[in-house]
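Colleague: Please take a close look at a single part of this model and describe what surrounds it. I should like the criteria behind each term to be stated as well.

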Amino acid sequence: MNLGERPQPFELPAAAGSSEALEVDGAAAAVATVVYWTCNHCPYALAWEDRIHAVSRDYADRGVRVLAINSNDAERYPLDSFEAMAERVAREDWPHPYLHDESQAVARAWGAVKTPDVFVLDADLRLRYRGAPDADYEDPAQDAAWLRGALDGILSGAEPAPAETDPVGCTIKWK
């Protein structure tokens with residue numbers, strides 16, 4: 001998916017129960033939507049997790065929706081199974097849904113390659129930012145600066161800068 005394009009819609013099961021959908025036909029329910037790929041075992045994803053969760057909490061009252069997706073092959077990586085995801089969500093305070101893409105169809109359609117791989121959509125559900133949350137997974141002081149900058153740009157009507165960075169992390173574990 002390229003900048004300015006609309007993504008493939010999806011409906012996926014959530015680790016906390018029920019399911020969540022992203023529909024691209026009609027009006028968006030959010031002023032911006034963050035969709036990011038993550039998992040239970042990648043050290044990069046885990047290092048950035050608190051920062052992304054903070055973004056979810058900080059921007060929720062501004063109309064920003066955040067969805068996390070795990071597309072890893074659970075047969076080869078049992079820690080990334082739906083059951084393990086549900087156990088994590090039950091014991092941790094997740095501020096947004098954690099979705100399971102068992103078929104990996106959503107990751108393939110979106111072109112996701114890493115954990116994390118962050119996609120930020122505007123109110124028209126057009127891709128406005130794609131990449132890493134910030135410049136350094138080892139530095140919590142970075143505070144997801146690129147992700148926050150993209151959201152601030154969208155919320156103010158400006159173009160996010162940068163609009164694209166290289167996602168950094170573990171590769172998605174394909175079947």
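Modeller: The buried residues of α1 are A45, W48, E49, R51, I52, H53, V55, S56 and Y59, where buried means under 20% relative accessible area, exposed over 50% and partly exposed in between (1.4 Å probe, protein chains only). This is a predicted model, in which local features need pLDDT of at least 70 and side-chain atom pairs count only at pLDDT 80 or more, while totals for chains, interfaces and linings use all residues. Residues are numbered from 1 along each chain as its sequence is written, and side-chain values use heavy atoms, with hydrogens and water left out.

Helix α1 covers residues 43-59, 17 residues in total; helices (H or I, at least four residues) and strands (E, at least two) are DSSP runs, numbered from the N terminus. From first C-alpha to last, α1 reaches 25 Å, close to the 24 Å expected at 1.5 Å a residue, the expected span being 1.5 Å times one less than the number of residues. A kink of about 45° in α1 is centred on E49, the bend at a residue being the angle between axes fitted to the seven residues ending there and the seven starting there. E49 is also among the buried residues of α1.

Those buried residues pack against β3 (32-37), β4 (64-70), α2 (82-91), β6 (114-115) and α4 (145-156), contact meaning heavy atoms within 4.5 Å.

Two of these partners, β3 and β4, belong to an open sheet of 5 strands with mixed pairing and the order β5-β4-β3-β7-β8. Its edge strands, β5 (98-100) and β8 (127-131), each pair on one side only; two strands pair if DSSP finds at least two bridges between them. Neighbouring strands are turned by 20° against each other on average, direction ignored. β3 and β4 pair in the parallel sense over 6 bridges, and V35 has L67 in β4 as its bridge partner.

The helical partners also meet the sheet. α2 lies across β4 and β5 and runs at about 170° to β5; axes are lines fitted to C-alpha atoms, for helices over the stretch in contact, and angles run from 0 to 180 degrees between N-to-C directions. α4 packs on the sheet, where it touches β3, β4, β7 (117-122) and β8, and its direction makes about 5° with that of β7.
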